[in-house]
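Reader: I am new to this structure and would like a close look at one part of it, taken step by step. Please start from a single point and work outwards.

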Amino acid sequence: MEKLRVLVSLITEDNDFQLEQAAAAQSAAIRLNASVEIIYANNDAVQQTQQILRYVQEPSKRPDAILVEPVGTGMPQVAKASVSAGIAWAVINAGVDYLAELRQHAMVPVFSVLSDHEEIGKIQGQQIGAILGETGCVLCIEGPAVRDVARLRSKGMMSTKPARITVKTLKGDWTQQSGHHAIKSWLSLSTSREMRVDMIACQNDDMAMGARRAFEELTDTNQRDRWLQVPITGCDGVPKTGQAWVQKKRLAATVLSPPLVGNAMELLANARKTGGQPPERTLIAPSSFPAIADIQMRRGAAAGNSI
């Protein structure tokens, strides 16, 4: 059997979770004796579509499978063209509604592998309660609304955070720079000086660290010191970044969301051996880092020390 050739299309190089996805793909390729090519869309949905279509339309470039984490929509027409050309199609980390129809006549694997984004949000809501207790105000930096990731994380967070904790939202695009810009812009508003904020909750670790960097750059030392006492949390929990930032106390907590491309590569390899279809949708469960109980214990210890 010829070596499995896989094209992996990711959103951006300017994001630690995306780089972890790439590393997982390369590791799985070595383990499965496959070859992998990784391309980045630079947060541009049109560019991503054009990049993938070049591989689909040029017979000499066609891979056996395309794994795509979409910037915007799930690209149903590109998916259809890929499958028609005999290329397996897997959507990473995005909910799409066309897979069942495409699978009915597909001669190649068609499936999705997703983080459980609503559960990620629920864990972040639990972290908010563990850190703040029953009352307070949270400034939340959300991801872009073009995909359902941000919406599901927000829905989950709002369902588990304590009812008397209020949430003010800002927008980012999953990068550190966007988190930095969101906070810098917000700090320039008079409302930022009038509002008491007890916590910053970001929908990924990169935006969380961008937010922290904005506070670190404040020239007023009293303001800077006050803001740097405010707990900041994120999501993704990449070992070398998100988890390390928590361990170094630069973030208060994160939500571990394992990279998904490795799982998708495994499903592809197994389907190739058996000639069958992987499950249409595989959901990967997240977890809190540190555990919710440990965060609650830390808050209890801090309250005891302040008495």
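Which residue of β4 does Ile66 stand opposite?

Author: In this predicted model, Ile66 stands opposite Trp89 in β4, and that pair is a convenient place from which to describe the strand β3. Strand β3 covers residues 65-68, and both of its faces are covered, since Ala65 and Leu67 on one side are buried, as are Ile66 and Val68 on the other. β3 is joined to strand β4, residues 88-92, by four bridges, and the two strands run parallel. Together with helix α3, residues 76-84, the strands β3 and β4 make a right-handed β-α-β unit.

Turning to another neighbour of β3, we come to strand β1, residues 5-10, which runs parallel to β3 and is joined to it by four bridges. Here Ile66 appears again, as the bridge partner of Leu7 in β3. Leu7, for its part, also stands opposite Glu37 in β2, and β1 and β2, which run parallel, are joined by six bridges.

These pairings belong to a wider arrangement, an open sheet of six strands with parallel pairing, in the order β2-β1-β3-β4-β5-β11. At its edges stand β2 (35-40) and β11 (281-284), each of which has a single partner strand, so one side of each is left without a neighbour in the sheet. From one strand to the next, the twist averages 15°.

Helices are packed on this sheet as well. Helix α1, residues 16-32, touches β1, β2 and β4, and its direction makes about 165° with that of β2. Helix α2, residues 45-57, also packs on the sheet, where it touches β1, β2, β3 and β4, with a direction that makes about 150° with that of β2. Strand β3, where we began, is thus among the strands that α2 touches.

For orientation beyond this part, there is also an open sheet of four strands in the order β7-β6-β8-β9, again with parallel pairing. Its edge strands are β7 (164-171) and β9 (232-233), each pairing on one side only. Strand β8, residues 199-202, runs parallel to β9 and is joined to it by two bridges, and the bridge partner of Ile200 in β9 is Ile232.

Terms used
Residues numbered from 1 in each chain as written. Predicted model: local features only at pLDDT ≥ 70, side-chain atom pairs only at ≥ 80, totals over all residues. Heavy atoms only, no water. Buried < 20%, exposed > 50% of the residue type's maximum accessible area, 1.4 Å probe, protein only. Pairing = 2+ DSSP bridges. Right-handed = clockwise from strand over helix to strand, strands pointing away. Axes fitted to C-alpha atoms, helices over the stretch in contact; angles between N-to-C directions. Contact = heavy atoms within 4.5 Å.
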